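User: I'm new to this structure and would like a close look at one part of it. Could you take me through the surroundings of the ligand, and then show me how the rest of the chain is laid out?

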Amino acid sequence: MQEQFGLFVHWGLYALTAYQEQVRARLRLPRADYHRLMAAFNPVRYDPDAWVDLAWQAGMRYIFFTAKHHDGFCLWDTRQTDFNIMNTPYKRDVLRLLADACDRRGMKLSLYYSIPDWNHPNAYNPASSHQCPPEAGDQPDTVRYRAFLKEQIRELLTGYGPVYTLFWDIPPHIADPEINAFVRALQPGILINDRGYDPGDFSTPERQVPDGAWFTRPTEACQSVGRQSWGYRFQEDYYTTRYLASSIDKVMAMGGSYLLNVGPMADGRIDPVSQEKVRTVGDWYTRVAESLTGIEPVAGKLVDSSGNQPFLAVARGSTWYLHFYDGLSAGGVTLKPVQEKPKEVILLNNGQPVAYAVTTLPTSWHWDTQELDQPCLHLFNLPAESFCHEPVVIKMIW
Ligand code: GLC
């Protein structure tokens, strides 16, 4: 993928409930009741430049916006359904305003589109998940629904400038490669995720960090600032920034991209706690970003032999970066089997040089075998205590 770090934004009528983006299904609300929210949606404090600035300062270079979530409510001026932003008291195309703000900043725009649509009479698909049962008068018909979906995609991909990536949500379990071909014809060069009508271009692990090595397929992991919801939630259980930065570091050091999500409030503002999460994570990210760009895994297995602290080693040319995504448990690293001295070692978190030597360490006891431990590269006097709240990245220049 071209970009590494993006802001995911879940916004829609559900923000009014401050509950969760799937509130209609989670609380089993009839369609007509949910529709009443439309009359109350008036985000007078919506300032897309403020969203874009927040993301940009955190080092994010794309914004992924929920044009339509499962509820079927459309945040653009669509001609395919009345259930859209133009029929709220706000009456303005919020996607257009966001696209313009992105354009002003050079921020890329990506679009999320839910295949489940709890408003559309043809959308019900028993083969998929996240379905509300059809209501009286609905006529489930996945073929007719795809005709509607294509017209919406045509509007989204022809009316708002370049779209960097498309995020289908909830696999329909229907194979129809024609849909992504249609998308690509409208936006050549667009990247498409793996939750649509064919495998697309990239994978999307959600709320979990896969264990293991370098990704074999382009991958974009996503996670929200809080545990309960992607949309704005009043009683949210926010993650610690240490937890968020740790999963971001791990995913990126495996070659993946990362989408960190916020759910703006119904008035259009991003709540202060979410903003602070983005800022704090962004502050760490911008200090270490060079270690995550244009990298490949270091060949061979490196270990921290005395501490067993987990890390991922990546390289760009003759520079190595060691990613201690869970932080350091002590102020030293014993790097085996490295026996040469690098030209320079830097702690990227603060840009300061790190002390090092190639030496034999006292960790193992070998009297009985009469063998001394092999010398190896020892990094020491690291200010681990000052950085116990974030992943630690060590740069080594060879
Ligand atoms: C899940 C949820 C959805 C959310 C998405 C983000 O699929 O159903 O609410 O938008 O994850 O990846």
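Analyst: Here is a walk that starts at the ligand and moves outward from there. Keep in mind that this is a predicted model.

Let's begin with the ligand. There are 15 residues around the ligand, and those that come nearest are His10, Glu21, Gln22, His69 and Glu206. By character, this shell splits into 6 nonpolar, 5 polar and 4 charged residues. A few polar pairs are worth finding on screen. Glutamine 22 has a polar side-chain atom 2.6 Å from an oxygen atom of the ligand. Histidine 70 also places a polar side-chain atom by a ligand oxygen, at 3.1 Å. For arginine 195, an N or O atom of the side chain sits 3.2 Å from an oxygen atom of the ligand. As for cover, the ligand taken alone would expose 310 Å², and the protein buries 95% of that.

Now go a little way along the chain from glutamine 22. Glutamine 20 belongs to the loop between strand 1 (5-9) and helix 1 (23-26). The side chain of glutamine 20 reaches back to the chain itself, coming to 2.6 Å from the backbone nitrogen of glutamine 22, and glutamine 22 is one of the residues that come nearest to the ligand. Is glutamine 20 buried or exposed? It is buried, because its relative accessible area is 8%, which falls under the 20% cut-off. Leaving aside neighbours within four places in sequence, glutamine 20 is in contact with Tyr14, Arg26, Gln228, Ser229 and Tyr232.

That loop follows strand 1, so let's look at the strand next. In strand 1, 5 of the 5 residues are buried, so the strand is largely enclosed by the rest of the structure. In a regular strand, side chains alternate between the two faces of the sheet. Here both faces are covered: one side has Phe5, Leu7 and Val9, the other has Gly6 and Phe8, and all of them are buried. Strand 1 runs parallel to strand 7 (residues 257-262), with 5 bridges joining the two. In that pairing, phenylalanine 5 stands opposite tyrosine 258. Strand 1 is also joined to strand 2 by 4 bridges, again in the parallel sense. There, valine 9 has phenylalanine 65 as its bridge partner.

Strand 2 (residues 62-68) is home to isoleucine 63. Isoleucine 63 counts as buried because its relative accessible area is 0%. Apart from neighbours within four places in sequence, its contacts include Leu7 and Val9, both residues of the covered strand 1. Others among them are Trp51, Val52, Ala55, Leu98 and Cys102. For a sense of scale, the C-alpha atoms of isoleucine 63 and valine 143 are 31 Å apart, with their positions 80 residues apart along the chain.

Further along the sequence, there are antiparallel sheets to look at. One is an open sheet of 6 strands in the order 8-10-11-17-13-14. Strand 8 (296-297) and strand 14 (352-353) are at its edges with a single partner strand each, so one side of each has no neighbour in the sheet. Inside this sheet, strand 13 (residues 344-347) and strand 17 (residues 392-397) pair over 4 bridges, and valine 345 stands opposite methionine 396.

Another open sheet has 4 strands in the order 9-12-16-15, also with antiparallel pairing. Its edges are strand 9 (303-304) and strand 15 (355-359), each with a single partner strand, so one side of each is left without a neighbour in the sheet. Strand 12 (residues 333-336) is joined to strand 16 (residues 376-380) by 3 bridges, with valine 333 opposite leucine 379.

Finally, some backbone details. Most residues other than glycine have a negative phi, and most peptide bonds are trans. Lysine 336 and proline 337 are joined by a cis peptide bond, with omega about 5°; proline 337 lies in the loop between strand 12 and strand 13. Arginine 28, in the loop between helix 1 and helix 2 (31-35), has a positive phi near 50°. Arginine 28 counts as exposed because its relative accessibility is 76%. Arginine 207 also has a positive phi, of about 55°, and sits in the loop between strand 5 (191-192) and strand 6 (220-224). At 23% relative accessibility, arginine 207 counts as partly exposed.

Note on methods
Residues are numbered from 1 along each chain as its sequence is written. This is a predicted model: local features need pLDDT of at least 70, side-chain atom pairs count only at pLDDT 80 or more; totals for chains, interfaces and linings use all residues. Side-chain values use heavy atoms; hydrogens and water are left out. A residue is near a molecule or strand if one of its heavy atoms lies within 4 Å of it. A polar contact is a pair of N or O atoms within 3.5 Å; within protein, one must be able to donate a hydrogen and the other to accept it, and residues adjacent in sequence count only if both atoms are side-chain atoms. Accessible areas come from the Shrake-Rupley method with a 1.4 Å probe; for residues, only the protein chains shown count as cover. Ala, Val, Leu, Ile, Met, Phe, Trp, Tyr, Cys and Pro count as nonpolar, Asp, Glu, Lys and Arg as charged, and the others, Gly among them, as polar. Two strands pair if DSSP finds at least two bridges between them. Buried means under 20% relative accessible area, exposed over 50%, partly exposed in between (1.4 Å probe, protein chains only). Contact means heavy atoms within 4.5 Å.
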